[in-house]
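Thanks for making time. I have one structure to go through today, and I will start with a single residue and work outwards from there.

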Amino acid sequence: MKIKYIVLLTAIAVNFTSCVSTKSTLQNVNDNAPIPQLTSSNTFLISEFSKDPKYGYHPDYPINVFYWNTKDLNINQERFLNALSGPNGEKIFFKKLDICCPFPTKNHEMGGGFLDQYEVTWVGLKKPIKLYLNCYEKGDLMVPVGFGLAK
């Protein structure tokens, strides 16, 4: 049984690393980005609004929420998303759809990471919005085009 488990883990690791390109296509990584402050409601304090329509909407321009050495990989994504609203202050609803888009990173022991794709909606929105978030890299956190800040 142990041998089958080891073979399975080895196959997964080989497959994972073979899927990851040796050159990252991520365009908005900033290792010098400040660690965001948390509000009293445990959301990120965000004050900048992106002017780039690709920010968060395209896999090469994900929202880099990075990973704070926590056991919950989704916590920073939730802290970011909970800080957002619809463009007129609407409460947003989100769910994680998928993982995609492998890329190389020095911030994971396997040498690669994946983006998380989230679906975001609010009452009155005709078509759900898909955002790409990255918990492995740092970047300047901004409100994506078409969103506002939660009150």
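Leucine 26 sits in the loop between helix H1, residues 2-19, and strand S1. Before going further, note that this is a predicted model. Is leucine 26 buried or exposed? Its relative accessibility is 13%, and because the cut-off for buried is under 20%, leucine 26 counts as buried.

What does leucine 26 touch, once neighbours within four places in sequence are set aside? The contacts are Pro59, Asp60, Pro62, Phe103, Asn134 and Glu137. Take phenylalanine 103 from that list. Leucine 26 and phenylalanine 103 are 77 residues apart along the chain, and their C-alpha atoms are separated by 8.1 Å. For the chain as a whole, among contacts with a separation of 6 or more, 69% are between residues 24 or more positions apart.

Now the overall layout. The protein chain has 2 helices and 6 strands. In sequence order the pattern reads α-β-α-β-β-β-β-β. Of the 151 residues in the chain, 36% are buried.

On to the sheet. It is an open sheet of 4 strands, in the order S1-S5-S4-S3, with mixed pairing. The edges are S1, residues 63-64, and S3, each of which pairs on one side only. As general background, strands of a sheet pair through backbone hydrogen bonds, either parallel or antiparallel.

I will take the pairs in turn. S1 and S5 run parallel, with 2 bridges. Here isoleucine 63 is opposite leucine 133 of S5. S4 and S5 are antiparallel, with 5 bridges. Across that pair, glutamine 117 faces tyrosine 132 of S5, and valine 120 faces isoleucine 129 of S5. S4 and S5 also make a hairpin, with 6 residues between the two strands. In its turn, glycine 124 has a positive phi of about 100°. Then S3 and S4, again antiparallel, over 10 bridges. One of the bridge partners there is glutamate 119 in S4, which goes with lysine 95.

How much of S4 and S5 is covered? S4 is mostly covered, with 9 of its 11 residues buried. S5 is mostly covered too, with 5 of its 6 residues buried.

That leads to the core. How many residues does the largest nonpolar core have? It has 27, and the ones with the most contacts inside it are Ile63, Val65, Phe80, Leu81, Leu131, Leu133 and Phe147. Helix H2 (75-81), strand S3 (92-104), strand S4 (112-122) and strand S5 (129-134) each supply at least two residues of this core. Ile63 and Leu133, both on that list of core residues, are the two that stand opposite each other where S1 meets S5.

Valine 65 is worth a look from that list. Leaving out residues up to four places away in sequence, valine 65 touches Phe44, Asn76, Gln77, Phe80, Leu133, Asn134, Cys135, Glu137 and Leu141. Asn134 and Glu137 in that set are also contacts of leucine 26, where we began.

Leu141 takes us to the largest pocket, where it is among the residues nearest the centre. The others named there are Pro34, Pro36, Leu45 and Glu48, and the lining has 13 residues in total. By class, that lining is 8 nonpolar, 3 polar and 2 charged. The space in the pocket is about 240 Å³.

Last, some backbone angles. Most residues other than glycine have a negative phi. Asparagine 42 has a positive phi, near 65°. Asparagine 42 lies in the loop between H1 and S1, and at 37% relative accessibility it counts as partly exposed. Cysteine 101 also has a positive phi, near 60°. Cysteine 101 is in strand S3, and its relative accessibility of 27% makes it partly exposed as well.

To close, back to the start: leucine 26 is a loop residue, and at 13% relative accessibility it counts as buried. That is what I have.

How values were computed
Residues are numbered from 1 along each chain as its sequence is written. This is a predicted model: local features need pLDDT of at least 70, side-chain atom pairs count only at pLDDT 80 or more; totals for chains, interfaces and linings use all residues. Side-chain values use heavy atoms; hydrogens and water are left out. On a 1 Å grid over the protein atoms alone, a cavity is a set of points where a 1.4 Å probe fits but cannot get out, and a pocket is an open set with protein on both sides within 12 Å along at least five of seven lines; lining residues have an atom within 4 Å of a point. Grid points are joined across faces, edges and corners, and a volume is the space filled by probe spheres set on the points. Ala, Val, Leu, Ile, Met, Phe, Trp, Tyr, Cys and Pro count as nonpolar, Asp, Glu, Lys and Arg as charged, and the others, Gly among them, as polar. A nonpolar core is a set of buried Ala, Val, Leu, Ile, Met, Phe, Trp, Tyr and Cys residues joined through side-chain atoms within 4.5 Å. Buried means under 20% relative accessible area, exposed over 50%, partly exposed in between (1.4 Å probe, protein chains only). Contact means heavy atoms within 4.5 Å. Two strands pair if DSSP finds at least two bridges between them.
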